[in-house]
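Trainee: I would like to learn how to read a model like this one feature by feature, beginning with the way helices pack. Could you take me through it with the sequence and structure open before us?

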Amino acid sequence: MIRVWDPLVRVFHWSLVAAFAVAWLSAEEVQPLHEWAGYVVAALIAVRVVWGVVGSRYARFSQFVCGPGKVVDYLRAMLGGHEPRYIGHNPAGAAMILAILITLSGTAFTGWLMEEDAERQAVISALPQIVAPAYADEERSGERGERGENGEGPDGPLKEVHEVFANLMLLLVGLHVGGVVLASMRHRENLARAMITGEKRAPEPGDIS
Ligand code: HEM
Ligand code: HEM
């Protein structure tokens, strides 16, 4: 066996799963808990991004991030049942990781935009093109960040973008777990367990390490 996932990657992974679950389950139920869980998600991602540059070998983005061509080649090999075993993240897994990190950042960011009126004014000029029109719309309709009369949460386009991101996350997580189960069966190793222990079977001929 060899050590693949360092402790930070493992703690990051399972903390992210927990924080996402809490944010999801507390949405529209326990608002302060929801927001805190969302901020924890954002903080975890910030730490992971730094670790992706300075971390251990298999934690580095430069080790696993690849172009779409490589992802397509890998998926094609998967359909043919002859994809190689990767010691680190395989190309499809790597693409999914990026999709998850970006979508979760978008979820947390739009959540924060709904809440932090003063602070978001400061970043408004830097808002990406997707969010800026939604913000403008909301401003026009006078709904931004205000609580409704019955104490319900804010309404408007930002909330919708937030929801779309959150729902997209469910889809991505489903595919992610499906991919983990599939790769585990193909290469006869429990990848979920490896994300706990950090260890995987040492590379064999044909494996990509
Ligand atoms: C909310 C749910 C989940 C999210 C947001 C999530 C997110 C992620 C992320 C960001 C990574 C990259 C890890 C890194 O390099 O830092 C990853 C990898 C991984 N995740 Fe998850 N995950 C979720 C649920 C799960 C579950 C339920 C399992 C177990 C069945 C799982 C198993 C794995 C494994 C095995 C890897 C490593 C994949 C590989 O071998 O390349 N994940 N996940
Ligand atoms: C990143 C993790 C997060 C996830 C997965 C998430 C998910 C959700 C979901 C599913 C809803 C319900 C939308 C609906 O059906 O109407 C929601 C609502 C909301 N979220 Fe988040 N969210 C996250 C982070 C945040 C953050 C960081 C904040 C603010 C600091 C936030 C603020 C809100 C607000 C204000 C609502 C509307 C609540 C209401 O209408 O009562 N969220 N979120």
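**Reading the helix packing**

Mentor: Helix 1 and helix 2 are roughly antiparallel to each other, because the angle at which they pack falls in the range over 145 degrees that counts as such. Please keep in mind throughout that this is a predicted model.

Trainee: At what angle do helix 1 and helix 2 pack, and how far apart are their axes?

Mentor: The general idea is that two packed helices are described by the angle between their axes and the distance between the axes. In this case helix 1 and helix 2 pack at an angle of about 155°, with 8 Å between their axes, and their crossing is left-handed.

Trainee: Which residues of helix 1 and helix 2 meet?

Mentor: On the side of helix 1 the participants include Phe 12, Ser 15, Leu 16, Ala 19 and Phe 20, while helix 2 brings, among them, His 34, Gly 38, Leu 44, Val 47 and Trp 51. The residues of this contact divide into 14 nonpolar, four polar and one charged.

Trainee: Is Val 47 in helix 2 buried or exposed?

Mentor: Burial is read from a count of neighbours, and Val 47 counts as partly exposed because it has 15 C-beta neighbours inside 10 Å. Val 47 lies in helix 2, which covers residues 31-54, and its C-alpha is 8.5 Å from that of Phe 12, although the two are 35 residues apart in sequence.

Trainee: How does Val 17 in helix 1 count by that reading, buried or exposed?

Mentor: Val 17, whose place is in helix 1, counts as exposed, because 12 C-beta neighbours lie inside 10 Å and a residue with 12 or fewer is placed in that class. The C-alpha atoms of Val 17 and Val 173 are separated by 9.6 Å, and these residues are 156 apart along the chain.

Trainee: Which term describes the packing of helix 4 against helix 5?

Mentor: Helix 4, residues 68-79, and helix 5 pack at an angle of about 125°, with their axes 8 Å apart, and that makes helix 4 oblique to helix 5. Lys 70, Val 71, Tyr 74 and Leu 75 in helix 4 meet Pro 91, Ala 92 and Ala 95 in helix 5, and the residues of this contact divide into six nonpolar, no polar and one charged.

Trainee: Let us turn to the ligand. How many residues surround ligand 1, and which are the closest?

Mentor: One reads a ligand site by asking which residues form the shell and which elements supply them. Here 20 residues surround ligand 1, and the closest are Phe 20, His 89, Gly 93, Leu 191 and Ala 192. Helix 1 (7-26), helix 5 (91-115), helix 8 (157-186) and helix 9 (191-197) each supply at least two residues of that shell, and helix 1 gives the most, with six. By character, the shell around ligand 1 divides into 14 nonpolar residues, five polar and one charged.

Trainee: Which residues does Ala 183 touch, leaving aside those up to four places away in sequence?

Mentor: With that exclusion, Ala 183 touches Asn 90 and Leu 191. Ala 183 lies in helix 8 and is partly exposed, because 18 other C-beta atoms are found within 10 Å. The C-alpha atoms of Ala 183 and Arg 85 are separated by 8.4 Å, with their positions 98 residues apart along the chain.

Trainee: What should I look for in the backbone angles, and where is Glu 28 found?

Mentor: Most residues other than glycine have a negative phi, so a positive value deserves a look. Glu 28, found in the loop between helix 1 and helix 2, has a positive phi of about 60° although it is not a glycine, and it is exposed, with 8 other C-beta atoms within 10 Å. Arg 188 has a positive phi near 50°; its place is in the loop between helix 8 and helix 9, and with 8 C-beta neighbours inside 10 Å it counts as exposed.

Trainee: How many helices and strands does the protein chain have?

Mentor: The secondary structure comes to nine helices and two strands, following the pattern β-α-α-α-α-α-α-α-α-α-β along the sequence. Of the 209 residues of the protein chain, 18% count as buried. Among contacts between residues at least 6 apart in sequence, 63% join residues at least 24 apart.

Methods:
Residues numbered from 1 in each chain as written. Chains lettered and ligands numbered in written order. Predicted model: local features only at pLDDT ≥ 70, side-chain atom pairs only at ≥ 80, totals over all residues. Near = placed C-beta within 6 Å. Helix = DSSP H or I, 4+ residues; strand = E, 2+ residues; numbered from the N terminus. Nonpolar A, V, L, I, M, F, W, Y, C, P; charged D, E, K, R; others polar. Buried ≥ 20, exposed ≤ 12 C-beta atoms within 10 Å, placed from the backbone. Axes fitted to C-alpha atoms, helices over the stretch in contact; angles between N-to-C directions. Parallel < 35°, antiparallel > 145°, perpendicular 65-115°, else oblique. Left-handed = near helix turned anticlockwise from the far one by under 90°. Contact = placed C-beta atoms within 7 Å.
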